[in-house]
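The following exercises are to be worked through with the sequence and the model at hand. Each task is followed by a stepwise solution.

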Amino acid sequence: MAFQKAVKGTILVGGGALATVLGLSQFAHYRRKQMNLAYVKAADYISEPVNREPPSREAQLLTLQNTSEFDILVIGGGATGSGCALDAVTRGLKTALVERDDFSSGTSSRSTKLIHGGVRYLQKAIMKLDIEQYRMVKEALHERANLLEIAPHLSAPLPIMLPVYKWWQLPYYWVGIKLYDLVAGSNCLKSSYVLSKSRALEHFPMLQKDKLVGAIVYYDGQHNDARMNLAIALTAARYGAATANYMEVVSLLKKTDPQTGKVRVSGARCKDVLTGQEFDVRAKCVINATGPFTDSVRKMDDKDAAAICQPSAGVHIVMPGYYSPESMGLLDPATSDGRVIFFLPWQKMTIAGTTDTPTDVTPHPIPSEEDINFILNEVRNYLSCDVEVRRGDVLAAWSGIRPLVTDPKSADTQSISRNHVVDISESGLITIAGGKWTTYRSMAEDTINAAIKTHNLKAGPSRTVGLFLQGGKDWSPTLYIRLVQDYGLESEVKYGIKEYACTAVDMISRRTRLAFLNVQAAEEALPRIVELMGRELNWDDHKKQEQLETARKFLYYEMGYKSRSEQLTDRSEISLLPSDIDRYKKRFHKFDADKKGFITIVDVQRVLESINVQMDENTLHEILNEVDLNKNGQVELNEFLQLMSAIQKGRVSGSRLAILMKTAEENLDRRVPIPVDRSCGGL
C-alpha cells in the first residue's frame, strides 16, 4: 500500500509538468510576488454608486411595483444571485432581485468559511490529467485574490497546516502544495513552507505528537460568509438595483414574442411574505439563482423539466477557541471514510467540518447527531490525547445543502458537473447552478453574459473585478476598536435593520453571527434583541412573542440546540463518586429546603431573593425545563444528579441551572458567619 502511494507521488511529480506548462507564463511574476498579497486591478472605469446608503426595504418595494419593466430580474438572494444583480447593475442594466427568505439564509451562510481554489481538486486534475478541473482551480484562485482585495473587512489570508505522519508523505504533499502555489501564479497569497515536528507543535500544540514527522503550511482565504453575501447585495442596492428580501416568486409571467411567435418568460408574480401583498415584476430576462431550489423554479417554467440538482448536506460544528490556534487552521486530507475535514479558527471560536451526505431539499436543514459525532471522532484522531474532545463543547452545529448539479445539455446526465452550469430554457429562463462560494463573481459574469446574448440586451463587459464591496473602501484593521468603544447592542440592532433585517432570526444569524457561534448565548440574548427590534419596527406584544418563538425554534432545530439538549435524557446514567454525590446533594438541598425531593421555580426564586438576585419567571421556567426530563414542572434530585454526571463526562456543558445553583451556593456560603474559634479569637 505504501509502495502504491509512493508511486502515486511519483505520478504527481510527473503530472506537475502539465501545471507547469499551463502556468508558465506567470511563473516569473509568481516568483517576485509569492511573499506578498495579490493585488487585483480594478476596471478602468466604474461609475459612482447611485445611493450613498442602500434605500430602505419600503423604497425598494415601491421601485419593484412601479417600474414598468426591468432588464434583469434575479430570483435568489444567495451569493450567486446577489453577484448576478451586482454584475448586471454595474453594466448599466436596470436590475431587480427578489429573495423568498433573507439574503444568505440558505447555503451561502452555512459554508466552511473558506475562500479557496481547492487543493484536492488540483490533485485530481493532475492525477487524471483533467484540464477542466485545472481550469476550475485556476479560476477559483484568481477569484480568491479578488475577494480578499475587494472585501478586506470581511476576509483575510489564513495559514492552514497539513500534518504529516509518514516520511514518504512529506515530499508527496510538498510537491502538491507547491503546485497549488504555482497555479495561483501572481495571485499566490504567500508561499507554502515545511515545518519540522518541533516547529509544528509550537504552532499547533494540541496536535497528536505520536509519529508526527513534520507539517506543511499553505495559505488560503477565510471570510464571514453571510456578511459577505449581504455586502454583495447591499453594494448592488447602492448601485441602483431594486433588491428585496422576503419576496417570494409565486409564478413566472410569460408572453408571446411577436417576432418569433415563441412563448417567453417575461417576469414573475411576487408575494411579500411579511404582508401578503402580491404584484407583478416584469423583466426582459429572468435569472434563476436559487441554489438547492433550482429545480422548483425550472418547473415553474416547464413542469416537465428534468431535475438537475443533486443536493448534498454538509454539517459543521463550532467549538471553543482553545481547540485551535488563533491564526492557523488544520486540514485532514484523508478521514476514516475518505472525506476531507477542516479544523479552523473563526470569530474567536473553532469550526470543524464538513460532511457530505445525500439529502432532500429543505429550507430548514437540521444537523444530525451522527454527523456531529463523526466530526468529533475525526477531530480526536488529530488532537493530542491530553485534549479531551467533549460532546458538550459543541456550541453550535448547522447543516448546509450543496446544490451539486448535472448539466442538462450533457449526454451523460448522471455525472455531476465539477463546475457551474448556465442553462437557457426554450422560453428564455436562465438558470445558474452549481459552482462554489469562491467563484460567485465569475459565475455571475458568465450568467449576465449569457443573458445579454440571449435577450439582446445593450451592456458592456463585466466591471466587478476590483470593485469594492459595501464597507471595504477606507476600512482599516483598527476600525473595530472604535466600534467596540463607541457602540453597543442597541446600535448594532439599529444598523442591522438598515441592512434589511426583518426578523429576530435575521439579526442573530446573519447581521450578527451569534447563532452560528453559540446557540445558548444567542438564546439568552434573544429577549433583549426582540425588544430592541420591536421598538424600531413597531412590533406589538403578540408580534414580539411570535418572533421569540420562531427564533427559538430556529436555534433548537437548525443551529444544533436540539442535539445539544438531547445529550441529557431520562436514560442518562449517574456515574459519580460517592463524595461527588454527597456534594451535589448538599447543593440541591440548599434549594430544596423542605426536603421534598424536587425543586420548583418557587424554590429557586426564594434562594435568589435571599442573595439579592433578580430573574424573571419566564427565564427561570426555561432554565428548569432544560433539566426537567419528565416534563412535570419540577427538577427531581435524580435529574439533577444525571445532569452533573453528564457535565463531568463532557456530554453537557454550559448548563444554566448548574451554573446558577453553583453560584447561588457560593453566595450563600459566603454569608455564613465565621465561628470565633476559626477567626483567630475575634477582634
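UniProt positions are given in the numbering used here, feature names are shortened, and annotations may be inferred rather than shown by experiment. Residues are numbered from 1 along each chain as its sequence is written. The model is predicted, so that local features need pLDDT of at least 70 and side-chain atom pairs count only at pLDDT 80 or more, while totals for chains, interfaces and linings use all residues; side-chain values use heavy atoms, with hydrogens and water left out.

**Exercise 1. Annotated spans and overall composition**

Task: State where UniProt places the feature "domain: EF-hand" and describe the spans.

Solution.
Step 1. The unreviewed UniProt entry places this feature at residues 579–614 and 615–650.
Step 2. Helices (H or I, at least four residues) and strands (E, at least two) are DSSP runs, numbered from the N terminus. On this basis, residues 579–614 are 64% helix and 6% strand, and their end C-alpha atoms lie 32 Å apart.
Step 3. For residues 615–650 the end C-alpha atoms are 28 Å apart, with 61% helix and 6% strand.
Step 4. The protein as a whole has 24 helices and 20 strands. Of its 683 residues, 54% are buried, where buried means under 20% relative accessible area, exposed over 50% and partly exposed in between (1.4 Å probe, protein chains only).
Step 5. Among contacts (heavy atoms within 4.5 Å) with a separation of 6 or more, 75% join residues 24 or more positions apart.

**Exercise 2. Helix α4 and the nonpolar core**

Task: Determine how many residues of α4 are buried, and which elements the helix packs against.

Solution.
Step 1. Helix α4 spans residues 79–89, and 11 of its 11 residues are buried. Among them are Cys 84, Leu 86 and Val 89.
Step 2. These buried residues pack against β1 (70–75), β2 (95–98), α9 (225–238), β10 (278–288), β18 (430–433) and α12 (440–455).
Step 3. A nonpolar core is a set of buried Ala, Val, Leu, Ile, Met, Phe, Trp, Tyr and Cys residues joined through side-chain atoms within 4.5 Å. The largest one has 45 residues, and Ile 72, Leu 86, Ile 287, Tyr 440 and Leu 469 have the most contacts inside it.
Step 4. At least two residues of this core come from each of β1, α4, α6 (131–150), α9, β10, β18 and α12. The largest share, 8 residues, is supplied by α9.
Step 5. Beyond neighbours within four places in sequence, the contacts of Leu 469 include Leu 86, Leu 147, Met 228 and Tyr 440.

**Exercise 3. Two helix pairs**

Task: Classify the crossing of α6 with α12 and of α5 with α7 as roughly parallel, roughly antiparallel, roughly perpendicular or oblique.

Solution.
Step 1. Axes are lines fitted to C-alpha atoms, for helices over the stretch in contact, and angles run from 0 to 180 degrees between N-to-C directions. Angles under 35 degrees count as roughly parallel, over 145 as roughly antiparallel, 65 to 115 as roughly perpendicular and the rest as oblique.
Step 2. The axes of α6 and α12 come within 8 Å and cross at roughly 105 degrees, and therefore α6 is roughly perpendicular to α12.
Step 3. In this contact, Glu 139, Glu 143, Asn 146, Leu 147 and Ile 150 of α6 meet Tyr 440, Arg 441 and Ser 442 of α12. By class there are 3 nonpolar, 2 polar and 3 charged residues; Ala, Val, Leu, Ile, Met, Phe, Trp, Tyr, Cys and Pro count as nonpolar, Asp, Glu, Lys and Arg as charged, and the others, Gly among them, as polar.
Step 4. Helices α5 (residues 119–127) and α7 (residues 169–184) pack at about 100 degrees with axes 10 Å apart, so α5 is roughly perpendicular to α7.
Step 5. Val 119, Leu 122, Gln 123 and Ile 126 in α5 meet α7 residues including Tyr 172, Gly 176 and Val 183. This contact has 8 nonpolar, 2 polar and no charged residues.

**Exercise 4. Backbone geometry in loops**

Task: Locate Lys 113 and Lys 211, and decide whether each is buried or exposed.

Solution.
Step 1. Lys 113 has a positive phi of about 70 degrees although it is not a glycine. Lys 113 lies in the loop between β2 and β3 (114–115) and is buried, with a relative accessible area of 0%.
Step 2. Lys 211, likewise not a glycine, has a positive phi of about 70 degrees. Its loop runs between α8 (197–203) and β6 (214–223), and Lys 211 is exposed at 69% relative accessible area.
Step 3. A cis peptide bond, with omega of about 20 degrees, joins Gly 353 and Thr 354. Thr 354 is in the loop between β14 (349–353) and β15 (357–358).
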